[in-house]
Structure formats: structure tokens, C-alpha cells
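Subject: Structure handover and what was found in it

Dear colleague,

I am passing the structure below on to you, together with an account of what was found in it. Please keep it open while you read.

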Amino acid sequence: MRYLMLSKMQDTQPDEKLFAEMAAFIEEMTASGVLLATGGLDPAGFKIASAGEDVTVTDGPFTEAKEAVGGFALVEVRSKEEAIELGRRFRKIVGDGESLIHQVFN
């Protein structure tokens, strides 16, 4: 089962301890084959919308910074419970905030 784990932007700047803990967590997930991809996201982004033959492109940002998705991880796990556990471990490392997790269907 694949899950896309989205993390909302943080109000605080990461410190060296956070970088070290995240590096170890990412290394562990990579070594076990769970982590497929990870990265940070541009908070501005852009939107593409279509209506009939018209396609429009609008530059962001579209939400307040605290609501914007700041990063993602794509993981492959055996169960929803395993995805939840990875999410819990991530939140314990980064502290207060919110993450969204969606199953990716094949």
C-alpha cells in the first residue's frame, strides 16, 4: 500500500537537532525500502484550471502559510496502521503541527 504523507508549513525554523533527527529517520526509512520519495514544496505554487476549451494558469500562493503544504513523503507500507505509525514518529520529531495522509491507489 502506498501513502502520500503531507506536512503543513511550520511557524518555527528548524534547528540542528531537528535536521539530525530527520536525517536519521529518512535514512532508516530509505534503508528499509519504505521511503519512495520525499521533498519540500514551494509555498507559492500555481494553479491550472479548465472550463471547456479555456485553460488558465494562476500563480499562488492560495492559502495562508500555516495552511500550505510544506513537504511530502511517498511511502510503501504493509498497512494503514504502519502509515499511521510513521506519521506519529514524524510528528514527534518535528513537534506541534499537522500532517495529512492519503492512500495512493494503483
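In this predicted model, four strands form an open sheet in which the order is 2-5-1-6 and the pairing is antiparallel. Strand 2 (35–40) and strand 6 (99–104) are the edge strands, and because each of them has a single partner strand, one side of each is left without a neighbour in the sheet. Ignoring direction, neighbouring strands of this sheet are turned against each other by 15° on average. Helix 2 packs on the sheet, where it touches strand 1, strand 5 and strand 6, and the direction of this helix makes about 25° with that of strand 1. At one edge, strand 2 and strand 5 run antiparallel and are joined by five bridges; as for Gly39, its bridge partner in strand 5 is Phe72.

Turning to the interior, the largest nonpolar core has 14 residues, and those that touch the most other members are Phe25, Val75, Val77 and Leu86. At least two residues of this core come from each of strand 1 (2–8), helix 1 (16–31), strand 5 (69–76) and helix 2 (80–94), and helix 1 gives the most, with four residues. If its neighbours within four places in sequence are left aside, Phe25 is in contact with Leu86, Arg89, Phe90 and Ile93.

Ser7, which lies in strand 1, also deserves a look. Its relative accessibility is 12%, and because buried means under 20%, Ser7 counts as buried. Not counting residues up to four places away in sequence, Ser7 touches Ala68, Val69, Gly70, Gly71, Phe90, Arg91, Glu98 and Ser99.

The charged side chains come next. In general, side chains of opposite charge can pair when their charged atoms come close. Here the count comes to five salt bridges, and three of the pairs are described below.

One of the five is formed by the side chains of Arg2 and Glu76, with 3.4 Å from N to O. This pair links distant parts of the chain, since Arg2 is in strand 1 and Glu76 is in strand 5, 74 residues apart. Arg2 is partly exposed, with a relative accessible area of 33%, and Glu76 is likewise partly exposed, with a relative accessible area of 37%.

Another salt bridge is that of Glu98 with Lys8, whose closest N and O atoms are 2.7 Å apart. Here too distant parts of the chain are linked, with Glu98 in the loop between helix 2 and strand 6 and Lys8 in strand 1, 90 residues apart. Glu98 has a relative accessible area of 40% and is therefore partly exposed, whereas Lys8, at 14% relative accessibility, counts as buried.

A further salt bridge is found between Lys17 and Glu21, where the closest N and O atoms are 3.4 Å apart. Both of these residues, Lys17 and Glu21, lie in helix 1, four residues apart, which is about one turn of the helix. Lys17 counts as exposed, its relative accessibility being 57%, while Glu21, at 30% relative accessibility, counts as partly exposed.

With kind regards

Methods: Residues numbered from 1 in each chain as written. Predicted model: local features only at pLDDT ≥ 70, side-chain atom pairs only at ≥ 80, totals over all residues. Heavy atoms only, no water. Core = buried A, V, L, I, M, F, W, Y, C linked by side-chain atoms within 4.5 Å. Buried < 20%, exposed > 50% of the residue type's maximum accessible area, 1.4 Å probe, protein only. Contact = heavy atoms within 4.5 Å. Pairing = 2+ DSSP bridges. Axes fitted to C-alpha atoms, helices over the stretch in contact; angles between N-to-C directions. Salt bridge = Lys/Arg side-chain N within 4 Å of Asp/Glu carboxyl O.
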